[in-house]
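Here's a quick briefing to read alongside the structure. Have a look at the model first, then come back for the notes.

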Amino acid sequence: MSLRLYNTRTRSVEPFEPHEPGHARIYVCGLTPSAEAHLGHARSFMFFDVLRRYLTHLGLRVTYVQNVTDIDDRSIAAAKGTNTPWTAIVEGYYASFKRSMSRLGVLEPDHEPRATAYIAEIVETIAALVERGHAYAVEDGVYFAVRSFPRYGALSGRNVEELLIGARIAAGENKHDPLDFALWKIAKPDEPSWPSPWGAGRPGWHIECSAMSHALLGEPLDIHGGGFDLIFPHHENEIAQTESLVPPPMANVWMHGGLLQFDGKKMSKSLGNFEPLATLLDRHDPQAIRLLFLQAGYRKPLNFTEESIAGATTGLRRLQAAYDAFRTAPAAGSSGGDVESFRTRFFGALDDDLNTSGAVSVLFDLANDAAQAIERGAGSAASAFFHEALSILGISPSQRKIVEVAQTTTRTFTDGGESLTVVAPGDAEARLPADTLDRLRAAIPAEHLHLNGQTKADAVSDVVKARWLAKRRRDFALADAMREALGAIGVTVTDRKGEASWIVGA
RNA sequence: GGCGACGUAGCCAAGUGGUAAGGCGGAGCUCUGCAAAAGCUCUAUUCCCCAGUUCGAAUCUGGGCGUCGCCUCCA
C-alpha cells in the first residue's frame, strides 16, 4: 500500500498497513453532546470522513466506529435546574450534530456506540483493572493508578514528574495520587447512576473509549483518531487503561486533526465563543466549508474567517463549472492520456499523509485546463476523473444545483416566435421589499410597464420580460434603466440566451 | 514554568536539500449592446531575522524575534 500517514505515536510519517489485511479498523473519538456542536467538530469529523473514503477507494474494507459519550458531568450540569431530563438534552444535541454532519456530506459511522449502552463492558474493564492492581476503589469512586503504568506520557511526550507540578487533588476526591483519574464516579444524590460492584455511579471520561473500542474492534486498532486536544489527557489515559489489560499497542496509528480557530480565537466549550454549527450551515454552503477545510493541511491549525469562506465559495463554483463543462463535453475523441498525469498527481498527494490541499490544487489545475482538455477530446476522461476525485473528497458539485433548481420558479414568455424563460428564486416573494410595486411603477415609464402577475415576484418577472422586449428593440437605454430599477429593490438580473434569471441580493 | 506546533504574495495555503503548487483578491485583454458568466494573460528573484553546513537551503544546524496550542473540560 502506498498510503503514508503521520502517526502521533511515533511522530513520523509511516506506510499504512492494516493489521488484518484488506480491512481497516478505525476508532474516532466522537462527540460529548453537552452543547451544540461547532465548526471545529465539523473539521475534525470531515477529515476522518475523507480518510475513510480514501481507504475505501484503495480497496479496503473499512469499519469506522465513532463513539458518543452520552453521559458526563457537563450534560448533568446542563440539565440541572431545567425540567428537561439529561438524556433529552444529550439526544437533542446529538440529533442536531447528526443533521449537520449529513448536510456536510459526512458518511454515517458503521457504529456509533453510546457509553450508556456499554455500562456492562465498562464495569467489566474497570473490574479487570482493579484486579490487576492498576486501579483502586475509594469512597467517591474508582481511580486509575497512573504510577502503575510505566509508559504513561509516551503518546503526548510528557513525563510523570513534570505533570505532577500543578496537579492537585480536588475537594471531594479521594484519589491517592494527583495524577490518577476517575474510572467510576459514585453518584451524588439526584445524579443518574448505574449499579456497579463499587456502588451506583457513572463511568469517568476515557474508560468508555477503552471499553467500546475493545468490544467493537479489538486491539490493535489500525487507526485511532480525534482532535489534537485529545492527545492529552484523553488518549494518554485510554492507552494506560487499555494497555494495562492487553498487549500494546492499543492502536498502531494515532491521528490527530488540527484545531480550528474562529476569527483568530480558539473555540471551546468552556469559553462558549462559537456559533452553533447548525446555524452556521444556514449561512454558508456546506460544500464550500468542505472545500475550505480541504485546502489546508489537516494537522495544522486553521483560522476560519468570513473572508476565507467567501473565497472557498467562489472556488467551489469554479470547480462546479469545470465539472459541468467536462460532463457535457462531446463524447467524441478518446484522448484521455493527458488526464493521467493529473490523476497521478492527485493520488500522489493523497498518499502523502492525505495532502488534500495538494490534491485540490490538481483539480484546479485541470479546471484551468478545461477548455483545452475538452478540445483535445479529453472531456469524458476528465469528467470521470473529476467524479472519482470529488467523491473521495466528499464534494458533490451537483448537489447544490439540484437544490437550487428545486427552489426556483419559472415563467415562459413568447413574442414573435421567440421565447424567454424567466427563472426566479422560490423564496423571492418573501425577500422582496414591501414597496416593490410602487418603486417599479415610479422608475419605469407606464407604457412599458404591464404588471399582469398577482404577486411582487410575478411583477419582477414581468419587468424582466419587458426588459427583454426592450433589448430586442435595441432600446438599451430603457433596458439598462429597468435593470437599475430592479437593482434598486435588490434584484440582480443575469441574461443568457433564451433565459433570464434573477435573484434577490448579490 | 514545562511540552509542542507554526511564521511562505494583500488574504488563505502546498511544498521539508535542487532552484516558489493552488485558491481568493487585484490588473489588463477577448467575447457578449452593457452587466454577469466564460476564455486568455499577468500578479513572491523570494519563503520572520541573523549566523552556519552545502556545489546548492523556504527546506538541515545554532541563536534570536513573533504567533498559537496543550499542561484543567474540549474535535
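What follows covers the RNA contacts, one helix, one serine and a pair of cysteines.

This is a predicted model, so local features need pLDDT of at least 70 and side-chain atom pairs count only at pLDDT 80 or more, while totals for chains, interfaces and linings use all residues. Residues are numbered from 1 along each chain as its sequence is written, chains are lettered from A and ligands numbered from 1 in the order in which they are written, and side-chain values use heavy atoms, with hydrogens and water left out.

**Around the RNA**

- RNA strand B has 48 residues around it, where "near" means that a heavy atom of the residue lies within 4 Å of the strand. The closest are Trp205, Gly227, Leu230, Lys266 and Arg483.
- By class, the residues near the strand come to 11 nonpolar, 22 polar and 15 charged. Here Ala, Val, Leu, Ile, Met, Phe, Trp, Tyr, Cys and Pro count as nonpolar, Asp, Glu, Lys and Arg as charged, and the others, Gly among them, as polar.
- On the RNA side, sugar or phosphate supplies 63% of the strand B atoms within 4 Å of the protein, and bases supply the rest.
- Two side chains have an N or O atom by a sugar or linking oxygen of strand B: serine 44 at 2.8 Å and glutamate 162 at 3.0 Å.
- For glutamine 372, a side-chain N or O atom sits 3.1 Å from a phosphate oxygen of strand B.

**Helix H7**

- H7 spans residues 231-243, and 11 of its 13 residues are buried, so the rest of the structure largely encloses this helix. Helices are DSSP runs (H or I, at least four residues), numbered from the N terminus.
- Buried means under 20% relative accessible area, exposed over 50%, and partly exposed in between (1.4 Å probe, protein chains only).
- Among the buried residues of H7 are His234, His235, Glu236 and Glu238.

**Serine 102**

- Serine 102 belongs to helix H3 (residues 86-103) and is exposed, at 52% relative accessible area.
- From serine 102 to alanine 446 it's 344 residues in sequence and 50 Å in space, C-alpha to C-alpha.

**Cysteines**

- The structure has 0 disulfides, a disulfide being a pair of cysteine sulfur atoms within 2.5 Å.
- Cysteine 29 is in no disulfide, and its nearest cysteine sulfur, in cysteine 209, is 3.8 Å away. That is too far for a bond.
- Both are buried: cysteine 29 has a relative accessible area of 6%, and cysteine 209 has 1%.

Definitions and conventions:
A polar contact is a pair of N or O atoms within 3.5 Å; within protein, one must be able to donate a hydrogen and the other to accept it, and residues adjacent in sequence count only if both atoms are side-chain atoms. Helices (H or I, at least four residues) and strands (E, at least two) are DSSP runs, numbered from the N terminus.
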